[in-house]
Amino acid sequence: MAEPVRPDALEVGVMLSPVTRMDADDLIAGNRASRDFHAPWVAPFTDRDGFDAWFQQVVTGANVALVARRADAQAADGPGDGLSGAVIGVLTLSQITHGTFCSAYLGYYAMQPQAGRGLMTQALRMTVRHAFDLLGLHRLEANIQPANLPSIALVRRVGFRCEGFSPRYLFIDGAWRDHERWAILSDDPAGMAA
């Protein structure tokens with residue numbers, strides 16, 4: 001596995017690293033606290049058994065799971081506020097394929113306490129760089145339900161473009177849901193700037 005992506009001058013305040021079992025308690029707590037924020041778009045694990053099953057999926061095969069955390073010495077609310085190290089969100093690259101395709105599917109969700117601060121935008125940019133520079137991918141695709149406007153706004157900010165519409169694409173919350181396909185390429189200006 002590649003080394004963790006460290007913040008640079010453009011991404012002060014965010015650290016992205018591969019998920020480990022040591023992240024379990026923080027992710028479980030963050031998912032529990034963000035349950036209403038995540039609904040109805042995603043329903044991540046909220047207990048240890050759920051974490052263990054998810055962890056087994058994302059660290060095997062052609063998958064990478066990354067945890068974005070605050071890395072600032074002094075968080076935005078002032079010194080000593082205890083936010084440094086807080087989980088910003090989870091980003092996954094799944095079904096990573098090399099060869100003539102060089103692509104992966106992108107999934108992500110933010111934790112509510114860190115939302116609205118621009119940190120997930122930084123984390124997504126870092127994930128795109130990780131996919132293109134460290135994993136050697138050419139294309140990332142994110143499939144988003146059309147009514148999930150915050151998620152669409154996030155991929156737009158990073159430079160993804162809408163490529164199409166997939167009716168009844170993914171089975172979520174008991175039903176097949178329509179999705180828009182958003183993608184970014186490593187050799188597009190947006191992909192190079194991410």
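## Exercises on a predicted model

Glu141 sits in strand S5. That residue gets the opening exercise; keep in mind that this is a predicted model.

### Exercise A: an acidic residue in a strand

**Task.** Work out whether Glu141 is buried or exposed, and which residues it is in contact with.

**Solution.**
- Start with the area: buried means under 20% relative accessible area. Glu141 has 9%, so it counts as buried.
- Next, look for a polar partner. The side chain of Glu141 makes a polar contact, at 2.8 Å, with the side chain of Arg139.
- Then set aside the neighbours within four places in sequence. What remains in contact with Glu141 is Ala104, Tyr105, Leu106, Tyr169, Arg181, Trp182 and Ala183.

### Exercise B: the two faces of H3

**Task.** Find which residues of helix H3 are buried, and explain why they line one face of the helix.

**Solution.**
- Pick out the buried residues of H3, which spans residues 48–58: they are Phe51, Trp54, Phe55 and Val58.
- Now look down the axis of H3. Its buried residues fall within an arc of 105°, so they line one face of the helix.
- Turn to the face pointing away from that buried side, and you'll meet the exposed residues Asp49 and Gln57.
- Ask what the buried residues pack against: helix H1 (24–33), strand S2 (64–70) and strand S3 (87–97).
- Finish at the start of H3, where a side-chain oxygen of Asp47 comes to within 3.4 Å of the backbone nitrogen of Asp49.

### Exercise C: H4 and the largest core

**Task.** Say how many of the 16 residues of H4 are buried, and which element gives the most to the largest nonpolar core.

**Solution.**
- Check the geometry of H4 (residues 119–134). From its first C-alpha to its last, the helix reaches 21 Å, close to the 22 Å expected at 1.5 Å a residue.
- Count the covered positions: 12 of the 16 residues of H4 are buried, leaving the helix mostly covered. Among them are Met120, Gln122, Leu124, Val128, His130 and Phe132.
- Now go to the largest nonpolar core, which has 33 residues; Tyr108, Leu124, Val128, Leu140 and Phe160 touch the most other members.
- List the elements that give two or more residues to this core: strand S1 (14–18), S2, S3, strand S4 (103–110), H4, strand S5 (139–144), helix H5 (149–158) and strand S7 (175–185). H4 gives the most, with 8 residues.
- Zoom in on Leu124. Not counting residues up to four places away in sequence, Leu124 touches Leu91, Leu106, Leu154, Val155, Val158 and Phe160.
- Don't miss the second, separate core of 15 residues, which includes Val19, Ala24, Ala65 and Tyr109.
- Step off the end of H4, and there is Gly136, with a positive phi near 70°.

### Exercise D: a methionine in a loop

**Task.** Locate Met111, decide whether it is buried or exposed, and say which residues it is in contact with.

**Solution.**
- Met111 belongs to the loop between S4 and H4.
- Its relative accessibility is 2%, so Met111 counts as buried.
- Compare sequence and space: Met111 and Gly89 are 22 residues apart in sequence and 5.3 Å apart in space, C-alpha to C-alpha.
- Leaving aside neighbours within four places in sequence, the contacts of Met111 include Leu27, Asn31, Phe37, His38, Ile88, Gly89 and Val90.

### Exercise E: odd backbone angles

**Task.** Find which residues are joined by a cis peptide bond, and where Arg168 and Asp173 lie.

**Solution.**
- Begin with the background: most residues other than glycine have a negative phi, and most peptide bonds are trans.
- The cis bond joins Ala39 and Pro40, with omega about 0°. Pro40 is in the loop between helix H2 (35–38) and H3.
- Arg168 has a positive phi near 45°. This residue is in strand S6 (residues 161–172) and is exposed, with a relative accessible area of 57%.
- Asp173 also has a positive phi, near 55°. The loop between S6 and S7 holds Asp173, which is exposed at 61% relative accessible area.

### Exercise F: the whole chain

**Task.** State how many helices and strands the protein chain has, and what share of its 194 residues is buried.

**Solution.**
- There are 6 helices and 7 strands in the protein chain.
- Read from the N terminus, the order is β-α-α-α-β-β-β-α-β-α-β-β-α.
- Of the 194 residues, 46% count as buried.
- Take contacts between residues at least 6 apart in sequence: 63% of these join residues at least 24 apart.

Technical notes. Residues numbered from 1 in each chain as written. Predicted model: local features only at pLDDT ≥ 70, side-chain atom pairs only at ≥ 80, totals over all residues. Heavy atoms only, no water. Buried < 20%, exposed > 50% of the residue type's maximum accessible area, 1.4 Å probe, protein only. Helix = DSSP H or I, 4+ residues; strand = E, 2+ residues; numbered from the N terminus. Arc of directions from axis to C-beta. Contact = heavy atoms within 4.5 Å. Polar contact = N/O pair within 3.5 Å; in protein donor to acceptor, adjacent residues only side chain to side chain. Expected span 1.5 Å × (residues − 1). Core = buried A, V, L, I, M, F, W, Y, C linked by side-chain atoms within 4.5 Å.
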